[in-house]
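Reader: I would like to learn how to read a model of this kind with care, beginning with the ligand and moving on to the interior. Could you take me through it feature by feature?

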Amino acid sequence: MKTPVTVLGLGAMGTALARAFLAAGHPTTVWNRTPGRSPELDELGVTRAATVADALAVSPLIVVCLLNDDSVRTTLAPAATELSDRTLVNLTNGTPAQARRTADWAAQQGAEYLDGGIMAVPVMIGGPAAFILYSGSEVAFERHQAALAELARPQYVGSDPGFAALHDLALLSGMYGMVGGAAHALALVSSEKISPTAFTNDLLIPWLTAMLGTLSQIAADLEYGAAPGAAGSNLAMQATAYVNLIDASVDQGVDPAMVTPMGELLDRTVAEGHGDEDLAAIVRLLRKVS
Ligand code: NDP
């Protein structure tokens, strides 16, 4: 028999996780604060627990996917004694500090702990493009890796329980930078009679795709140091050109709120004497901010 699994939380994501476990043949028990959520799971053979304690009692593998850290703590605390000898996998979005605190708390209850960061939207769960970052107990990861693989490709990023959240939030930073930049780009072109769809499909996506290739070089410069004068697009040049981006936005009646901070960072990096370097110098500047 496949490992029995409990899923706490039947929001959009928790429901997708429970559905994937059921589809893979795992006996699946669920609990949700508001009873009766996601009735479609009943046809798939889910077991509904009346209480959190009941839900924890029946499975060695407990997957938690609630709104935030507060909801995880208030949900688990009253049933803490049932966590002994369980593996607690917390897929709720949170910070590294929250993950480390929950890991310590879980250890006090006698549970193995894995923190996770879901790199997917619910419809991707169980599909090939989804992956989930895990950190914490390596023993627990190895024991339950096959079951967790039913949800998404599992990627273990270290024994520090905070590392999954750190990687998750770093990846989200990259995503929000991209979508924020794209939002500003679309505001600019739609200030004129330019098709946002054609602009996006014919120009923006190919451009961003091509620029993705530069990220590896920035990372390598950061890690190993760039050769002197290696920057093909030095920051002093970029800071000068960037002013046009702000001015054109204002001229077109577009709020520059999204793009102004990057201009300020470019200016600061140049002012600190790094105008002949590349974007790795901005990373160094950011890391100085505590
Ligand atoms: P939803 O808003 O759809 O669901 C929230 C869930 O949390 C519900 O089950 C809700 O229960 C429960 N909940 C909220 N507050 C409490 C509380 N105080 N006590 C107990 N239960 C509570 O969110 P998602 O399912 O989409 O997201 C869940 C987690 O997954 C979040 O941390 C999110 O950041 C993360 N995530 C989501 C992604 C997505 O695209 N959806 C992508 C990657 C990560 P009730 O039904 O009673 O309200």
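Author: Let us begin with the ligand, where a residue counts as near if one of its heavy atoms lies within 4 Å of the molecule. In this predicted model, 21 residues surround the ligand, and the closest are Met13, Asn32, Thr34, Arg37 and Asn93. Residues are numbered from 1 along each chain as its sequence is written, the model is a predicted one in which local features need pLDDT of at least 70, side-chain atom pairs count only at pLDDT 80 or more, and totals for chains, interfaces and linings use all residues. Side-chain values use heavy atoms, with hydrogens and water left out.

Reader: Which residues place a polar atom by an oxygen atom of the ligand, and at what distance?

Author: A polar contact is a pair of N or O atoms within 3.5 Å; within protein, one must be able to donate a hydrogen and the other to accept it, and residues adjacent in sequence count only if both atoms are side-chain atoms. Here a backbone N or O atom of Ala12 lies 2.9 Å from a ligand oxygen, and a polar backbone atom of Asn93 is likewise 2.9 Å from an oxygen atom of the ligand. Arg33 contributes through its side chain, with a polar atom 3.0 Å from a ligand oxygen. The protein covers 74% of the 900 Å² of accessible area that the ligand has on its own, areas being computed by the Shrake-Rupley method with a 1.4 Å probe, and for residues only the protein chains shown count as cover.

Reader: Which elements give two or more residues to the shell around the ligand?

Author: Helices (H or I, at least four residues) and strands (E, at least two) are DSSP runs, numbered from the N terminus. The elements in question are α1 (12-23) and α4 (69-76), and α1 gives the most, with three residues.

Reader: How should I read the nonpolar interior?

Author: In soluble globular proteins, nonpolar side chains tend to be buried together. Buried means under 20% relative accessible area, exposed over 50%, and partly exposed in between (1.4 Å probe, protein chains only). A nonpolar core is a set of buried Ala, Val, Leu, Ile, Met, Phe, Trp, Tyr and Cys residues joined through side-chain atoms within 4.5 Å. The largest such core has 31 residues, and those with the most contacts inside it are Leu17, Val63, Leu91, Ile118, Tyr134 and Leu151. Among the elements that each supply at least two of its residues are β1 (5-8), β4 (61-64) and β6 (112-119), while α1 gives the most to this core, with seven residues. A second, separate core of 18 residues includes Leu8, Ile62, Val72 and Tyr113.

Reader: Which residues does Leu17 touch?

Author: With contact meaning heavy atoms within 4.5 Å, and not counting residues up to four places away in sequence, Leu17 touches Val63, Cys65, Leu91, Ile118, Ile125 and Leu151.

Reader: Is Ser38 buried or exposed?

Author: Ser38 is buried, because its relative accessible area is 11%. Ser38 is placed in the loop between β2 (28-31) and α2 (40-43), and, leaving aside neighbours within four places in sequence, it is in contact with Leu10, Thr15 and Arg48.

Reader: Where is Val243 placed?

Author: Val243 is in helix α9 (residues 235-251), and at 40% relative accessibility Val243 counts as partly exposed.
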